[in-house]
Structure formats: C-alpha cells, structure tokens
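Trainee: Could we go through this structure together, one question at a time? I would like each answer to end on the name or value I ask for.

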Amino acid sequence: QSKIALISHAPDSDSWWNTIKNSVKQAGEDYGVQVDYRNPANGDLADMARLIEQAAAQGYDGVIVTIADYNVLQSSIKKLTDKKIPVITINSGTTEQSEKLGAIMHVGQPEYEAGKGAGMRAKADGVKSFLCVNHYATNPASFERCRGFAEAIGADFKKSTIDSGEDPTGIEAKVSAYLRQNPTTGAVLTLGPTSAHPTLKVLEKAGLKGKMWMATFDLSDEISKGIKDGSVKFGIDQQPYLQGYIPVAVLATMKSTKSTDLAAVSAAVKANAKTAARFAEYGLAPAYGPRHIGSGPGFVTKENIGKVEKYAGQYR
Amino acid sequence: MTPQAPNPAPAAPTDDRVREVSPLRKLMSRPEFGALAGTLLVIAMFAVSAGGSGMFSAEGVVNWSTVAAYLGVLAVGAALLMIAGEFDLSVGSMIGFAGMLLAIPALYWGWPLWLATVFAFAVALALGWLNGWLVVRTGLPSFIVTLAFFFILRGLSLAVSVIFTGKTILSGNGDLVLRDMFATDPVISFFFHGYTLTGVFDALARMGVIAARDDGTALATGLPKAVVWWFALTAAGAFVLARTRMGNWIQAVGGDANAAKNVGIPVARVKISLFVFMAFCSTVFAVLQVADAGSAAADRGLQKEFEAIIAAVIGGCLLTGGYGSVVGAAFGALIFGMVQIGIGYTSIDNNWYRVFLGLMLLIAVLFNNYIRTRFALGRR
Amino acid sequence: MTPQAPNPAPAAPTDDRVREVSPLRKLMSRPEFGALAGTLLVIAMFAVSAGGSGMFSAEGVVNWSTVAAYLGVLAVGAALLMIAGEFDLSVGSMIGFAGMLLAIPALYWGWPLWLATVFAFAVALALGWLNGWLVVRTGLPSFIVTLAFFFILRGLSLAVSVIFTGKTILSGNGDLVLRDMFATDPVISFFFHGYTLTGVFDALARMGVIAARDDGTALATGLPKAVVWWFALTAAGAFVLARTRMGNWIQAVGGDANAAKNVGIPVARVKISLFVFMAFCSTVFAVLQVADAGSAAADRGLQKEFEAIIAAVIGGCLLTGGYGSVVGAAFGALIFGMVQIGIGYTSIDNNWYRVFLGLMLLIAVLFNNYIRTRFALGRR
Amino acid sequence: MTDYILQLEDVSKYFGSVIALGGVTLRLRRGEVHCLLGDNGAGKSTLIKTLAGVHAPDKGQYILEGKPVRFNSPREALDLGIGTVYQDLALVPLMSVARNFFMGREPVKKLFGFLPVMDHHHAARTAGDKLRDMGIRIRDANQMIGTMSGGEKQCLAIARAIHFGAKVLILDEPTAALGVKQSANVLKLIAKARARGISVIFITHNVNHAYPIADSFTLLNRGKSLGTYLKKDVSKDEVLDMMAGGEEMQKLMADLDGVTI
Amino acid sequence: MTDYILQLEDVSKYFGSVIALGGVTLRLRRGEVHCLLGDNGAGKSTLIKTLAGVHAPDKGQYILEGKPVRFNSPREALDLGIGTVYQDLALVPLMSVARNFFMGREPVKKLFGFLPVMDHHHAARTAGDKLRDMGIRIRDANQMIGTMSGGEKQCLAIARAIHFGAKVLILDEPTAALGVKQSANVLKLIAKARARGISVIFITHNVNHAYPIADSFTLLNRGKSLGTYLKKDVSKDEVLDMMAGGEEMQKLMADLDGVTI
Ligand SMILES: Nc1ncnc2c1ncn2[C@@H]1O[C@H](COP(=O)(O)OP(=O)(O)OP(=O)(O)O)[C@@H](O)[C@H]1O
Ligand SMILES: Nc1ncnc2c1ncn2[C@@H]1O[C@H](COP(=O)(O)OP(=O)(O)OP(=O)(O)O)[C@@H](O)[C@H]1O
Ligand SMILES: [Mg+2]
Ligand SMILES: [Mg+2]
C-alpha cells in the first residue's frame with residue numbers, strides 16, 4: 001500500500017481543514033492508499049518546513065503541500081523533489097509558484113482572487129465600504145482575502161480590517177465596537193465560521209440581521225442557515241473537499257498506473273466511478289485544466305444551498 | 001477581599017511607636033486599591049480617546065464587560081490557585097473539551113441538555129482532580145503537569161469531535177439545534193443562557209436613559225449571565241479567601257508549603273480542591289460560551305489560561321504564591337478586557353492594535369504598582 | 001554544568017557520619033542525569049514505534065535535531081533567566097521583530113546584509129536591556145513587563161512591515177532577494193546560513209553510510225548552523241553558570257535576591273544582562289530562521305517564549321528560580337523537539353497529535369523526575 | 001501503660017549519604033522537662049522532626065504511649081497532641097500575626113447562624129494577648145509576620161504551640177532569638193506546662209536556660225546518643241561540659257578572660 | 001580624623017506608620033567592641049541594617065570616618081569595609097557551602113591563562129577550613145546550605161564576614177543558634193578582630209556573651225536609645241537589668257528558682 005502525506009500550514013484548531021482531513025480519508029479509502037495529514041500545531045510556517053523535510057526523510061510515495069509561503073517552503077520542497085517524490089500543491093499560492101517548485105500540479109485558488117471575486121459581487125450590490133473580520137491575523141496570507149475584497153469595491157483595506165482573535169466572545173465585542181464606531185459601514189466579510197458566527201450574533205443583536213450586507217468564507221451549519229434566511233448573501237466556497245481528494249486520487253493513480261502522463265491520470269480520476277459518486281453526492285464541481293485543477297471560488301447562495309447544506313463543515 | 005483580616009487591630013491606638021497616618025492613605029494601601037486605580041486610569045484614558053464612540057453607552061458597557069466577565073470567571077480560579085502557589089495551563093483546553101462534553105451527548109447521544117451539562121461538569125471536575133492529584137503526588141511543578149493536559153485535552157477535543165461527529169464545530173444535528181435546546185431548557189437556560197434584568201433595561205430604554213430599538217426595547221438586551229457569574233464567583237472567591245478557614249489555608253500553602261504542612265494543614269487537599277475549582281470555573285466559561293454562541297468547537301478557549309494568569313497578576317497576585325486578592329483579579333480581568341475591546345472604539349489603526357494593547361497594559365500596571373507602593377503601609 | 005561546584009570535597013572521606021554510596025548512584029544524582037534519562041526514554045519509545053520510518057536516518061536526525069536546535073538556542077537564555085528568577089515572555093515577538101529589523105533595512109533601505117544584521121542585533125539587545133531595566137527599576141514582576149513587550153513587539157512587527165513594505169512576509173524587493181543576499185555575504189553566511197560539515201556528510205554518502213542524491217552528494221546536506229549555535233550556546237551557558245563568578249551571581253540572585261543584594265552582588269546588573277542575553281538568543285534564532293526560510297514575517301516565533309520555558313522546566317530548572325542546569329535545558333529542548341516531530345514519523349492519526357504530545361511529555365518528565373529523586377543524594 | 005509517654009528506640013535517619021541519626025534512643029517520661037543537648041549539627045532538629053512526624057525514621061521504632069506509630073505527616077502527630085516549635089518556626093511571612101497564630105486551627109464562628117467563617121476578631125485578640133503575656137507588644141495583629149523582628153517571630157511560634165496545649169510540647173531552641181525578659185517568660189511557661197502535666201522536650205545551647213528547668217538531659221553527639229542523665233546526678237558544670245561536646249570549659253575559655261558561658 | 005570610625009546622629013527610620021527607630025545616636029570608636037542591647041523588637045536589626053546600607057535613614061545623618069555618607073545598596077557599605085552578619089544570615093539555601101561562602105566575592109583564577117573562572121577548589125577548601133576553625137565539620141563543601149543545621153548555617157555566615165576582614169564588623173545575634181563550643185570560638189574571633197584594630201558592633205541577648213567581650217554598651221528601647229555606657233561604669237548585673245528592659249532580674253525570676261540568665 002502506498003503512503004501519501006498532506007502537509008498544511010493551518011493550526012489544528014482551524015475548522016475549515018476538517019473538511020480536507022475528511023476528504024483525504026475518503027480518497028484514501030477509494031484509492032486504497034494511506035494518507036497522513038500533518039500540520040504545524042500553531043500554524044508556524046517554519047515548523048511546516050520541518051514537516052516537509054520530515055516527509056522527505058520518511059520517503060512517502062507522494063506529498064501534497066500548501067504553498068503558504070513560497071520562499072519559506074522552497075528549500076524544503078526541494079528536499080522532496082531531490083528525492084524524486086512527486087509533489088502536488090494545493091490551497092494557497094499560485095500556479096506559477098507551483099510550477100517553479102517542481103510540483104506536478106496545483107489544486108486550489110489564491111486568497112487574493114477569492115477575496116476579489118467576492119468583492120466584485122458586493123460591488124454589483126452597491127457596497128462601498130466594509131468590515132473584514134480576520135480571526136486569523138497571525139497568518140499574514142489571510143489579509144490577502146480582505147485586500148482583494150477591498151480593492152474590488154475600492155475601500156481602504158487597512159481601515160476596514162480588524163484583528164479579531166479567535167475567541168467568540170472577543171470577536172463579538174470587537175465587531176460590535178467597530179460597527180458602533182463606524183456606523184456607515186456597508187458590509188461585513190468574515191473569513192470563516194470562527195468569525196462568522198459571532199458576527200451574525202452582533203448583527204442580530206443590533207437589529208441589522210438581514211439588513212447589513214454580509215458574506216463569509218467557507219461553510220458551516222450556522223452559515224448555511226444564514227444563507228437560507230438571507231442574512232448571509234453567500235459563502236465563498238473553496239470546495240476544500242476537492243483540494244484534499246483530487247491530489248490523493250492523482251498521486252494514487254500515478255503510482256498504481258506507473259504513469260507520469262498527467263492528462264491520462266486526470267482522465268482516469270475523472271472516470272473513476274467512486275470519485276464521480278462522491279462528487280455528485282456532495283455537489284462538487286472541479287474545473288479540470290490541462291495541468292492544474294481549480295477548486296473555486298464557488299459561491300454558495302440561497303439558490304444552491306440545498307445541496308451543500310447537509311454536508312457543511314464535514315464534506316463541504 | 002484582602003489577604004489580611006479586615007478587622008480592627010486590638011492594639012492600643014496611642015502606641016508611642018505608631019505615627020499618625022491619614023485614613024485615606026490607609027484605604028489606599030489596601031491591595032485592591034492599586035487595581036482599582038489602574039481600572040480608573042484605563043477608563044479615563046478611554047473617556048478621552050473614545051469618549052463619544054459609544055463605548056460608555058449601555059450597549060458599549062455590556063459589550064466590553066461581557067469580555068471582562070468571561071475572563072473574570074477564569075481569573076477567580078486562577079487567582080486562588082496562584083495564591084496557593086500553583087498554575088493551571090490546561091484552562092483553555094478544558095474550555096474546549098468541556099464544550100465538547102456538553103455538545104456531543106446533547107446532540108449525538110440524545111441526552112437532555114441538563115444531563116449533558118451535568119456530565120460536562122462531572123468529567124471536567126474529575127479532570128481537575130486528576131491534575132491536582134498528579135501535581136501533589138508526583139511533586140512535579142504544576143506548570144509541567146498541566147502543560148501535558150494543555151496538549152492532551154486540546155487534542156481530545158479535536159479527536160473526540162471528529163470521531164463522534166466528523167465536524168469540529170457543533171451547533172446542531174438534524175432537528176436538534178443547540179441554540180434552541182438552550183432556549184427551551186428552563187434550568188440550564190436560567191443559569192447560563194441569555195440575559196437577566198431585561199425588564200430593567202427595557203424600562204430604562206422607555207425612559208430614554210439608554211438607547212432603544214425600533215420596537216421600544218433596549219438595544220442592550222440586559223445583563224449577560226456571564227457578568228452575573230463573574231460577580232457571583234468573585235464574591236464567593238473573595239469571601240472564601242478572606243473569611244474562611246480554607247482561605248487561610250490557601251494563603252498558608254502558597255506562602256510556605258512546608259510551614260503549612262508542619263502546622264497540620266492538609267496541603268494536598270487544599271491544592272487538589274483548587275484545581276477542581278479551576279476546572280469548575282473553566283466549565284462555567286465553556287457552558288456560558290456554548291449557550292451564547294450556540295455551538296461548541298474544538299478550538300474554543302485558546303490562550304485563555306494565559307489571559308487568566310495575566311488578569312490575576314495585573315490584579316496583584318504574586319506569581320510565586322502566597323499573596324493576592326480575588327477582587328484585584330476581577331479588576332485585572334476588567335482592565336484587560338476593557339483595553340482589548342476599548343481599542344476598537346478609538347480611531348487607532350488596527351495594525352497598531354497589539355502595540356497599544358501592550359502599552360496600555362504596561363501603563364495600567366505601572367500606575368497600579370505606583371499607587372500600591374506609594375501608599376503601602378508596613379511593607380517594603 | 002551543574003549548579004554545584006564540580007570539584008571534590010576536601011572533607012575527609014572516612015567521616016563516621018557518611019554512608020557508603022556507589023559512584024554510579026552519585027553520577028545518577030547529577031541534575032542533568034534525569035533529563036538525559038528522559039531523552040533516552042523518548043528515543044527508545046520512538047525506536048519502537050517509528051523505527052523503520054526514517055526518523056533515525058541521517059536526514060531524519062537532521063530534521064528533528066534542527067527543531068530541537070532552534071528551541072535549544074532559546075532554552076539557554078530562558079534557563080539562565082529562570083535560574084535568576086525571571087521570565088521573558090517577549091521572546092517569540094522578539095523573534096518576529098528582529099527578523100523585520102533585518103529584512104527591512106536589507107531589502108528596502110539598501111543596506112548591506114551585514115549591516116542590517118548588526119542593526120537587528122543592536123536594536124534587539126537594546127530592547128532586551130529595556131525589558132530588564134523596567135523589571136529592575138519598577139520592581140514589577142517580569143511576567144507583566146515582558147508581557148507588555150510580547151504585545152508591543154508583535155504589534156510593531158506587523159505595523160512596521162505594513163508601513164514600510166505593505167506586506168507582512170518579506171522575501172525580496174525587486175532585484176534584491178533575501179535568500180541570495182544570505183548566500184553571497186561571506187561573513188553572515190558563515191555564521192547563519194546553510195550547513196556545515198557538508199564535506200563529511202558527502203563523504204559518508206559516497207561510502208554508502210547515509211543516503212545519497214543522484215549526484216552522489218548526501219541527502220542530508222550537512223549539520224545545520226542552528227545545531228552548531230545550539231551546541232555553542234549551551235556550552236557557553238553551562239560554562240558561565242558552573243565556572244564563572246557571573247554563574248554564582250545568577251544562582252544567588254534567583255535563589256534569594258535579598259540575600260544576594262546584602263552580600264553585595266549587583267542584582268540589577270545581573271538581571272539586566274540576562275535579559276540582554278535572552279534578546280541575543282532570540283535574535284540568533286531570528287537570523288537563523290530568516291536565513292533558512294529566505295524571508296522574514298510578522299508572525300514568526302509564535303509561542304516560542306512558551307516552548308523555551310517548557311524546555312527549561314523539562315530540563316529541571318525551577319520556575320521559582322535559583323536552581324537549574326543549562327545542559328538540562330538543552331536536553332529539555334531535545335525531548336520537546338523530538339516528541340513534536342517524532343509523532344509525525346509514527347503512524348498516529350494527526351487528530352491525536354496533541355494527545356500524544358502531552359502524554360509523551362508527561363511520561364518523559366515523570367521518568368526524569370523519578371530518576372532524579374530516586375537517586376538524589378543529600379536532598380529531599 | 002508505660003512510664004513513658006513517648007519513646008524513640010534505636011532510631012536512624014539518613015539523608016542520602018549523610019547519617020543524620022545513627023541509632024538514637026530517647027525516652028520521655030510523663031510530665032517531665034527533658035532537655036536535649038548537643039553540638040551544632042548533632043542531629044537534634046532531625047530528632048525532633050522525627051518526633052513531630054516531618055521525617056519518618058529509616059530504622060528503629062517510634063512508640064507513643066506504649067503503641068508503635070508511624071506518621072505520614074505532621075498533622076497526624078498534631079492530632080495525637082504533639083505540639084512542636086520548629087527551629088525555622090514554620091511561619092508564613094506574607095500572612096498576618098493573627099492568621100499565623102491560628103494557622104491550621106482557625107477559630108470558626110457562624111455568620112448569619114450558618115456560614116462558618118474564621119473569627120478574625122477573636123483570632124486577633126487572642127494572638128495579641130498571648131504575645132503580650134510573653135512580653136511582646138504588637139501594634140496591629142494584621143501586621144505581616146515578615147516585617148516582625150526575629151524575636152517577635154519566635155515568640156509567636158512558641159505562644160502558638162503553648163496555646164494549643166498539647167500532651168507533648170517539643171521546643172527546638174525556643175529561646176535562641178529571645179530577649180532576657182522573653183526568655184524568662186518562656187521558661188516560666190515551660191514550668192507552667194509541666195505543672196499541668198504536659199511533657200516537654202526542650203533544646204537549647206544555653207546552660208543557664210537548660211539546667212534550672214530540666215528534669216533530665218539527653219546528650220547527642222554527631223548523630224549518636226551519649227546517654228540520658230537525671231538532674232540529680234549531674235551538676236551544672238558537668239552539663240556545660242557535655243554541651244561543649246565533652247571538652248572542658250576551662251580549656252575552651254583559656255584565651256578569653258572573664259568569660260563564662 | 002575623628003575618634004569615631006562610624007556615627008549615626010539622631011537617625012530615624014519608619015516603616016509605614018511604624019516608628020522602627022526614633023532619633024537614635026550611636027558612635028563606634030576605632031577598635032572597640034560595641035555591644036548593642038535591647039529587647040525583642042527594640043530596633044537593633046533595623047539599626048544595623050541602616051549601618052549596612054540596606055535601609056537609608058528617613059531622618060538623621062550617617063557619618064563614616066568623619067564624612068557623611070548615604071548608601072544606596074549594601075554593596076557600597078561593603079566596599080567601604082563594613083562587613084555584616086545579618087540576623088537572617090543572607091544565605092542562599094539552594095547553593096553549596098563553598099558558593100555561599102564566597103558569594104559576591106568569588107575567588108577567580110585564569111583557565112588556560114586567560115579565561116577568568118571561579119576557583120572552586122580554593123573556595124571549597126577555604127570554606128571547609130574556616131568552618132572547621134569554628135568547630136563545624138562539614139562533610140562536603142558542595143552540600144547545599146538548605147540542608148545544614150541552624151547553627152552550621154550561622155557559623156558559615158560569621159566565618160564569611162570575618163574572612164573578608166573588614167574595617168567594621170557588624171554581628172546581629174551571631175551566637176543565637178550556636179553551640180557552646182562554637183559560641184566560644186566566635187567570641188575568640190571577635191577578640192582577635194579587635195586585636196587587629198577592627199571595630200565591632202555586636203548584638204546579643206546573652207549577657208554572658210556580651211559582658212566579657214564588650215568595651216561599651218548602647219541600650220535601645222522601643223526604637224529609642226537609652227544611652228551608651230562604658231564597661232568600666234557598669235556591672236554585669238546592671239547590664240542584665242538593662243537587657244531586661246529596665247526591670248530587675250529578681251522580679252523577673254521570682255517564680256522560677258535556681259534560674260540565672
Ligand atoms: N519592613 C518592616 N515593616 C514594618 N515594620 C517593621 C519592618 N521591619 C521591622 N519592623 C518593625 O520594627 C521593629 C524593630 O524591628 P527589629 O528587627 O529592628 O528588632 P530587633 O531589635 O532586631 O529585635 P530582635 O531582638 O527580636 O531581633 C519591630 O517591631 C518590627 O515589627
Ligand atoms: N535534608 C538534609 N539533607 C542532608 N543533610 C541534612 C539534611 N538535614 C540535615 N542534614 C544534616 O544532618 C545534620 C544534623 O542536622 P540537625 O539540623 O539535626 O542538627 P542540630 O543538632 O539541630 O544542629 P543545630 O544545633 O545547629 O540546630 C547536619 O550536619 C545537617 O547538615
Ligand atoms: Mg537544630
Ligand atoms: Mg533583630
């Protein structure tokens with residue numbers, strides 16, 4: 001049985017990654033490989049570099065990494081390629097960086113673009129100012145989402161962002177303080193369930209629920225409820241399931257077919273019945289490219305929430 | 001309230017070796033006074049820099065006092081434990097774990113909410129006991145023992161929630177919605193959910209004293225239950241420390257465990273009970289937060305152990321044990337909570353948030369210390 | 001090495017009040033022995049559970065020893081500071097800030113790398129001095145003072161990097177690439193960048209002792225500079241503590257600051273120098289990491305203050321000061337680093353990571369403590 | 001019932017390689033004042049800590065009122081009526097006089113008829129009174145112990161042990177830091193305790209304190225007992241020579257004239 | 001140059017509302033042994049801490065060799081040759097005998113000819129020798145102070161102060177915890193120091209230690225000085241009455257027969 005490792009940059013408290021963990025488990029079952037999920041406990045990138053080196057020392061059959069920071073990970077990823085371990089990059093980072101790192105493919109979608117995509121929708125709704133609730137400010141990449149959104153609507157990124165911390169009580173208090181302080185704020189963007197839930201409570205308490213334009217990254221039970229009742233315009237869904245599932249499927253197929261032809265491997269994954277069934281069940285739609293595969297941004301709105309809702313936080 | 005007995009001294013007031021000292025100075029020499037002064041300074045600073053921002057409106061006050069209250073609940077336990085010379089680093093992890101212990105039975109095993117709550121308390125207290133027992137039994141520093149639980153409990157919250165539910169944030173399961181369960185269970189709701197004194201707030205709103213919603217009810221719904229717990233636990237903790245035998249034992253154990261043992265104080269029992277009490281405070285925090293947020297999550301309570309210690313130290317507790325005040329710790333929580341949230345009411349650029357947080361803390365504590373030593377009597 | 005003088009006692013060996021005790025037991029009673037035993041136990045546990053996974057291959061060893069080395073660099077400073085009775089919570093923030101202090105001048109102000117590095121060291125040491133000065137001057141607990149800097153410096157790293165560069169991760173600016181600058185500056189590169197003993201490793205690879213790349217060079221490039229720093233700082237710290245006047249002063253200040261002051265030890269100077277030394281260790285960490293990662297970022301060093309304290313405590317330093325060992329702290333860093341990374345080499349599900357981390361720590365420390373008290377001589 | 005309220009039979013105590021006590025036998029008669037003499041480091045404090053339950057003997061037997069006992073903590077000894085003043089006093093510097101006095105045995109009253117609280121008023125008054133009886137005037141029973149003078153602290157520790165009137169009173173150098181008046185008071189208190197039938201073990205290096213009050217003497221030397229003597233069998237000078245570790249006072253004092261100890 | 005090596009003129013020291021010293025004058029002649037007497041809590045330790053630079057006086061002047069001084073730390077007093085044995089000894093329990101002995105004044109040797117290191121061998125030998133001179137046999141100079149007996153600790157503190165032979169030696173109850181032999185040795189050491197021209201301030205509650213050795217006595221009572229007396233002007237019994245705070249010994253001892261203090 002071949003062994004694959006997925007190394008993320010997320011601290012293990014981040015709920016979004018739970019979907020990825022679930023997806024690699026299922027992919028492992030579907031393709032008969034063992035997948036180890038690894039992450040730096042505190043989200044420290046330097047620790048992540050060590051984990052990548054560790055994967056090299058362990059001699060995995062394939063390694064999936066996030067490009068949390070191109071420069072930091074460059075030399076450690078080289079340790080993998082030196083050992084001829086196939087690498088697939090996921091989540092953050094760009095396809096160019098992925099290619100420069102010598103990865104065979106990239107599955108994901110950069111933070112800035114996701115933020116910008118959401119911002120474009122907001123702009124269409126006439127939003128001119130906003131508040132970005134960042135519960136993960138210690139990871140600098142998270143600000144890219146806020147920046148993308150801000151630049152799309154033409155707002156001042158620095159003035160519109162708060163470092164909310166991860167404690168729901170604190171988030172609630174800080175958001176409500178900000179809104180109180182900036183009563184003209186036109187919209188709220190939250191970066192995930194951790195910040196979305198308390199923010200929803202603030203809006204509810206202030207009587208702004210449904211009135212204030214709000215969108216969020218990622219999904220959870222609570223968020224899908226909000227989408228249904230209209231208090232959340234949409235959830236920006238990166239389809240994390242795909243980011244975990246597809247690389248495992250690709251690496252496993254490459255190994256089992258002993259092929260390095262990416263197109264053929266992609267096709268085989270696409271054609272796999274188990275895979276197709278999973279994607280259909282969870283309502284996922286990967287954008288297969290010639291080399292890279294896009295996983296988003298999918299916008300989950302009132303219209304398509306039905307399919308997603310059941311699995312929010314688990315497979316969606 | 002103070003570690004010293006509050007009663008008047010029996011010594012003759014006309015002792016030739018006692019100087020006249022004004023009663024005001026005497027008042028100011030009480031250990032809480034420094035923390036109170038620090039609090040007033042922080043209020044003054046925000047009154048100047050964020051006066052018109054609504055920070056001191058009813059909603060504003062409820063807003064930051066909720067943050068202070070959550071922290072304050074933990075600070076009571078942390079202060080008592082610190083006075084007894086120990087630390088508990090597993091507080092934050094315990095909060096996450098206790099939330100899971102409540103949510104999983106309630107949502108996935110079909111238990112009634114009250115039973116799930118009792119279960120969460122029971123398991124948490126047992127873990128607190130284990131913490132204390134290991135510290136007392138092995139003689140290892142509590143720092144190391146509770147550090148192990150810091151990791152273990154955080155890991156368990158994650159593992160348990162994934163195993164039983166496949167998710168890491170639990171707010172409902174099919175028809176069962178945690179928020180509704182809290183709203184409908186009368187007992188649990190009374191203790192942990194929502195607000196109290198809503199009538200008073202609404203009346204004030206109708207009188208135009210505080211801001212109202214369109215429907216005439218107060219914008220600030222009421223006094224959050226967390227604040228009530230904060231006051232209640234602080235009062236209880238201060239009472240125990242100042243007025244009971246146990247309070248005397250706590251101070252003695254922290255001041256000199258060896259001396260305490262030699263005069264027959266059951267050192268192990270005192271320490272273990274305080275670890276259990278700390279677990280109780282953590283669980284109260286967890287249940288309040290689950291009720292408030294309507295969900296439990298594996299990452300709840302991150303770094304709360306740290307903040308609880310900060311609050312206790314700001315409030316004048318000695319890190320080395322033996323001296324401190326529960327009321328001081330409550331002020332410490334208030335200072336820390338107010339500074340954390342208050343910065344959001346000022347027009348300070350968010351990039352500077354931490355810088356100001358650090359500076360304000362330093363100023364508050366320096367001032368507090370200045371007052372304390374300036375007016376301290378009979379101490380050096 | 002030990003806080004006790006290593007020389008033989010001049011007392012007559014035929015004292016009628018001394019029992020015969022075997023030399024082995026005497027050896028085992030040294031404070032480092034417990035930490036060494038803990039380390040061996042951890043190695044044994046991994047040899048069983050992750051023996052075939054490459055954990056003990058050359059790359060594997062380099063891998064986890066790098067983690068231990070980074071932590072060990074901090075542990076030296078933290079141990080000495082703890083022995084002197086103080087803490088520094090600003091270590092982690094200092095790491096982030098020092099990285100910024102290096103990267104911004106080098107990339108945005110056009111300074112040569114060596115000058116930027118000197119600048120980073122100078123400012124960091126000055127901040128360390130300020131930390132110490134405030135502690136000594138105000139008499140506040142160092143916990144609170146350095147906590148303020150914990151916030152302030154983290155905030156400054158963020159604010160400064162955003163102001164000067166608009167980014168929070170700095171790896172290059174136009175043509176200037178930090179990674180290349182490190183590779184080309186001979187002095188800085190010699191001290192902080194890359195590996196040493198590469199020739200030896202390559203030779204071993206050619207002899208087939210360790211794994212090789214296609215081109216015949218060793219897969220494990222060499223001994224990382226971080227490991228060299230770790231050994232050097234540990235040796236220096238242990239030497240200072242055991243053999244110099246300063247070492248005696250450090251122990252005295254931590255053991256009883258009052259007594260130390262009364263016998264004329266310059267308590268303030270000792271404490272301040274240790275804060276400066278701690279800042280030095282943090283900056284070494286920062287520069288090594290910037291060189292290794294090729295970038296500086298505002299979030300570097302998160303929680304490192306905490307891990308440094310953990311390593312020192314595992315290594316047998318007393319949190320209350322006055323007793324401890326630098327070599328012990330190095331073993332503490334090794335235990336913690338090895339456990340952290342080693343779990344990844346076993347087939348344990350990641351959800352259980354923290355649970356195992358906590359358990360292994362507890363076991364290692366319990367064992368360490370058992371050995372220490374079991375064989376301790378002349379102590380209770 | 002035996003004659004002895006408390007016996008140590010052939011007790012040894014080791015600290016690592018150090019033999020602190022090597023086979024010591026000590027028998028305390030009911031209602032006597034038994035003086036334990038010995039040089040510095042002879043093992044007196046170790047012996048009384050063994051009696052008080054702080055150390056468990058490594059060898060030998062501890063017999064209380066005829067029954068062998070083994071204490072796991074000082075509390076057990078206290079509960080059986082053995083009160084001790086340790087050489088290091090067992091006071092907590094950061095606590096007040098009153099709180100230290102009643103530490104471990106706090107006076108309790110009911111607040112509102114049901115809440116058991118510490119009776120601070122009673123504690124402060126009692127502590128102040130007892131100290132005044134010994135010749136110490138404290139200004140404020142809420143003063144921290146840490147700010148008191150050496151002698152004041154020692155008086156507090158003694159007053160505490162005597163107040164909780166035990167069956168056996170063990171005093172480890174109680175008069176070491178005391179002034180003349182206070183020492184006299186302590187000796188009086190010992191005499192009073194004996195009159196009440198309490199047995200006392202008394203350690204001192206001052207023969208002028210030891211000889212008048214004691215009924216018997218046990219001499220420790222380098223961890224071993226050199227025997228027990230009744231007062232009627234030895235003179236003050238013999239006791240003094242014993243205290244000096246067998247060397248004669250004359251020799252010791254040769255260089256200094258006029259000194260008598 | 002004045003007759004006095006050290007003078008305190010009308011010095012007061014307050015702790016909050018407590019008047020620890022209220023206008024005390026003390027003059028120490030060159031080469032004399034000056035005995036400071038007084039009840040517990042009279043302010044003796046506070047006075048000598050003022051001399052040693054631990055406390056700065058709140059009022060009054062401190063004159064050293066005719067020049068007014070103001071010390072900010074004990075180090076300054078030490079550097080001017082004022083060595084002190086504090087009542088609480090100023091030892092660090094977790095450090096070894098040798099390290100404590102040389103604390104603050106470590107003997108240094110050069111390793112490899114340039115690296116200044118502490119000379120542990122010399123330290124251990126010196127500490128062991130000096131203690132043996134005082135009648136204390138230590139088994140191991142690397143033993144922790146915390147495990148030594150009360151008297152052993154006190155001897156170490158005294159040996160240390162005397163070894164670093166200062167111009168002025170201040171001893172706060174040095175013989176309190178000492179055995180007969182050790183006390184005699186300390187008195188001999190004081191006599192020797194005087195012979196070398198060192199001035200000594202000596203606090204004790206034992207008149208048998210005070211009277212033979214002292215040249216003059218100053219009596220403190222409740223923070224105030226009751227005057228200085230030369231030995232030739234007072235008898236031992238008068239000194240004893242002074243020590244008892246003015247009460248006469250006879251009255252004090254009325255209840256106990258045979259006791260002389
Ligand atoms: N830091 C302090 N704060 C308040 N009061 C103090 C402090 N230090 C000393 N005192 C008080 O000052 C008085 C004098 O104390 P001091 O230690 O000088 O007495 P002493 O003469 O040395 O007594 P003893 O013979 O018992 O050692 C005592 O009553 C003591 O309680
Ligand atoms: N915990 C310990 N570890 C090692 N040695 C110890 C310990 N406790 C006491 N000792 C040693 O045992 C011996 C006896 O000490 P003890 O305190 O009983 O003497 P003592 O007779 O009370 O002397 P003193 O009259 O000076 O108080 C001393 O030499 C001391 O160094
Ligand atoms: Mg003794
Ligand atoms: Mg004194």
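Trainee: How many bridges join strand S10 (residues 234-237) of chain A to S13(A)?

Mentor: This is a predicted model, in which local features need pLDDT of at least 70 and side-chain atom pairs count only at pLDDT 80 or more, while totals for chains, interfaces and linings use all residues. Residues are numbered from 1 along each chain as its sequence is written, chains are lettered from A and ligands numbered from 1 in the order in which they are written, and side-chain values use heavy atoms, with hydrogens and water left out. Strands here are DSSP runs (E, at least two residues), as helices are (H or I, at least four), numbered from the N terminus, and two strands pair if DSSP finds at least two bridges between them. S10 and S13 of chain A run antiparallel, and the number of bridges joining them is three.

Trainee: Which residue in S13(A) is the bridge partner of A:Gly235?

Mentor: S13 (298-300) is an edge strand of chain A, pairing on one side only, and its place in the open six-stranded sheet, ordered S7-S6-S8-S9-S10-S13 with mixed pairing, is beside S10. Within S13(A), the partner of A:Gly235 is A:Val300.

Trainee: At about what angle to S6(A) does helix H6 of chain A run?

Mentor: Helix H6 (residues 142-153) lies across strands S6 (131-134), S7, S8 (187-190) and S9 (213-217) of chain A. Axes are lines fitted to C-alpha atoms, for helices over the stretch in contact (heavy atoms within 4.5 Å), and angles run from 0 to 180 degrees between N-to-C directions. Relative to S6(A), the angle of H6 is about 170°.

Trainee: Is A:Lys21 buried or exposed?

Mentor: A:Lys21 lies in helix H1 (residues 16-31) of chain A and, leaving aside neighbours within four places in sequence, is in contact with A:Tyr37, B:Leu158 and C:Asn351. Buried means under 20% relative accessible area, exposed over 50% and partly exposed in between, with a 1.4 Å probe and protein chains only. Because its relative accessibility is 11%, A:Lys21 counts as buried.

Trainee: Which residues are the protein donors of the magnesium ion (ligand 3)?

Mentor: Donors are N, O and S atoms within 2.8 Å of the metal (3.2 Å for Na, K and Ca), and sites may look incomplete because water is not among the atoms. The two protein donors lie 1.9 to 2.0 Å from the ion, and they are D:Ser45 (OG) and D:Gln87 (OE1).
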